[in-house]
Amino acid sequence: SAGVADAGLFLHGVAHAGQQIRNGDALILTQQDHIAAVEDARFRHCPMKNSWNLLLVNRSNPLPENYEYNLRSLKNGECIDVRIYSELVEMIETAEKQNVFMFVNWGFRSAKLQQLLFDSEVLIRKNRGLSDEEALAETKKYVAAVGASEHETGLAVDLDPIKPKSIGADIYKWLADNSYKFGFILRYPENKTEITGFSYEPWHFRYVGKEAAKQIFDKGICL
């Protein structure tokens, strides 16, 4: 039945989350870690994950080939999914009223642009003396391959400070504390790298909707 299937997915998610925080053969799962792992697994397999705003895109869940989006341009030329436009603008304008100034440095990326960025980062690392294999492995920690980047959905943005009005630490702190109020989450938290598969990115925020964002923020979980 659907209920049994859902329960199976949930239990699989919990087990997977537990495996990801093993250190060799020694399990370093504290009670707090266990609660967080269960919450992460429960959220990843909850029914509302079928919503467009909760689309999961990463190395294990590539962007669907038939994925459709409707883009809207921001003042600086960056594009985002039209469905997140009003909340994003409201968030940035609210921050400005509190003397925190930011702009969208990256919005939507086409597959072609994502590939160009990925290849460029590999080349940079090779020029620093890394082998082809080392450069590729190092790049994958920070840049998603084509089809695995949230930027290809139009639902994610990289936010940077408008200098000298603000500095990175100011906007990242404000966003970490307030973005959920506008439907956005810190997509790659520092303490979730084993789950997300990406290094900590305090500038990368993903739209998930206000209801999901509050749940993720309150429970300290991730998408």
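Okay, arginine 125. In this predicted model, arginine 125 is buried, because its relative accessible area is 9% and the cut-off for buried is under 20%. So that's a charged residue by class, sitting in helix α4. Who does arginine 125 touch, if we leave aside the neighbours within four places in sequence? The list is Leu130, Ala135, Glu138, Thr139 and Tyr142.

Now, three of those names come back in a moment, so let me bring in the second helix. Helix α4 covers residues 111–127, and helix α5 covers residues 132–140. At what angle do α4 and α5 pack? About 130°, with the axes 8 Å apart. That makes α4 oblique to α5, since the oblique class takes in what is neither roughly perpendicular, at 65 to 115 degrees, nor roughly antiparallel, at over 145. As for the hand, α4 passes α5 in a right-handed crossing.

And who makes that contact? From α4 you have Phe118, Glu121, Val122, Arg125 and Lys126. From α5 you have Asp132, Ala135, Leu136, Glu138, Thr139 and Lys140. So Arg125 is part of the α4 side, and Ala135, Glu138 and Thr139 are among the residues on the α5 side. If you sort the contact by class, you get 4 nonpolar residues, 1 polar and 6 charged. Keep that count in mind when you look at the pair on screen.

Let me step back to the whole chain. How many helices and strands does the protein chain have? There are 8 helices and 8 strands. The chain is 223 residues, and 42% of them count as buried. On contacts, take the ones with a separation of 6 or more: residues 24 or more positions apart account for 68% of those.

Some examples of pairs with sequence distance between them. Start with alanine 156, in strand β6. Alanine 156 is buried, with a relative accessible area of 0%. Its C-alpha is 8.7 Å from that of arginine 187, and the two are 31 residues apart in sequence. Beyond its neighbours within four places, alanine 156 is in contact with Trp106, Gly107, Glu150, His151, His204, Phe205 and Arg206. So if you select that alanine, bring those residues up with it.

Next, isoleucine 216, in helix α8, which is residues 210–219. Buried or exposed, isoleucine 216? Buried, at 6% relative accessibility. The partner to look at here is leucine 186: the two are 30 residues apart along the chain, with their C-alpha atoms separated by 9.5 Å.

Then alanine 169, which sits in helix α6, residues 168–178. This alanine is exposed, with a relative accessible area of 52%, whereas alanine 156 was at 0%. Alanine 169 pairs up with proline 202: 33 residues apart in sequence, and 9.1 Å C-alpha to C-alpha.

Last of that set, glycine 77. You'll find glycine 77 in the loop between β3, 71–73, and β4, 79–81. With a relative accessible area of 47%, glycine 77 is partly exposed. Glycine 77 and valine 104 are 27 residues apart in sequence, and their C-alpha atoms are 9.5 Å apart in space.

Okay, backbone geometry, for those of you who like dihedrals. Which peptide bond is cis here? The one from lysine 163 to proline 164, with omega near 0°. Proline 164 is in the loop between β6, residues 156–161, and α6. Then there's asparagine 99, which has a positive phi of about 65° although it is not a glycine. Asparagine 99 lies in the loop between α3, 85–97, and β5, 102–106. And asparagine 99 is exposed, with a relative accessible area of 59%.

Finally, cysteines. How many disulfides does the structure hold? It holds 0. Cysteine 79 counts as partly exposed, at 21% relative accessibility. With the buried cut-off at under 20%, that value lands just on the partly exposed side. Cysteine 222, on the other hand, is buried, with a relative accessible area of 1%.

That's the tour. If you open one thing afterwards, open α4 against α5 and find Arg125 in the contact.

Methods
Residues numbered from 1 in each chain as written. Predicted model: local features only at pLDDT ≥ 70, side-chain atom pairs only at ≥ 80, totals over all residues. Heavy atoms only, no water. Axes fitted to C-alpha atoms, helices over the stretch in contact; angles between N-to-C directions. Helix = DSSP H or I, 4+ residues; strand = E, 2+ residues; numbered from the N terminus. Parallel < 35°, antiparallel > 145°, perpendicular 65-115°, else oblique. Left-handed = near helix turned anticlockwise from the far one by under 90°. Contact = heavy atoms within 4.5 Å. Disulfide = S-S within 2.5 Å. Buried < 20%, exposed > 50% of the residue type's maximum accessible area, 1.4 Å probe, protein only.
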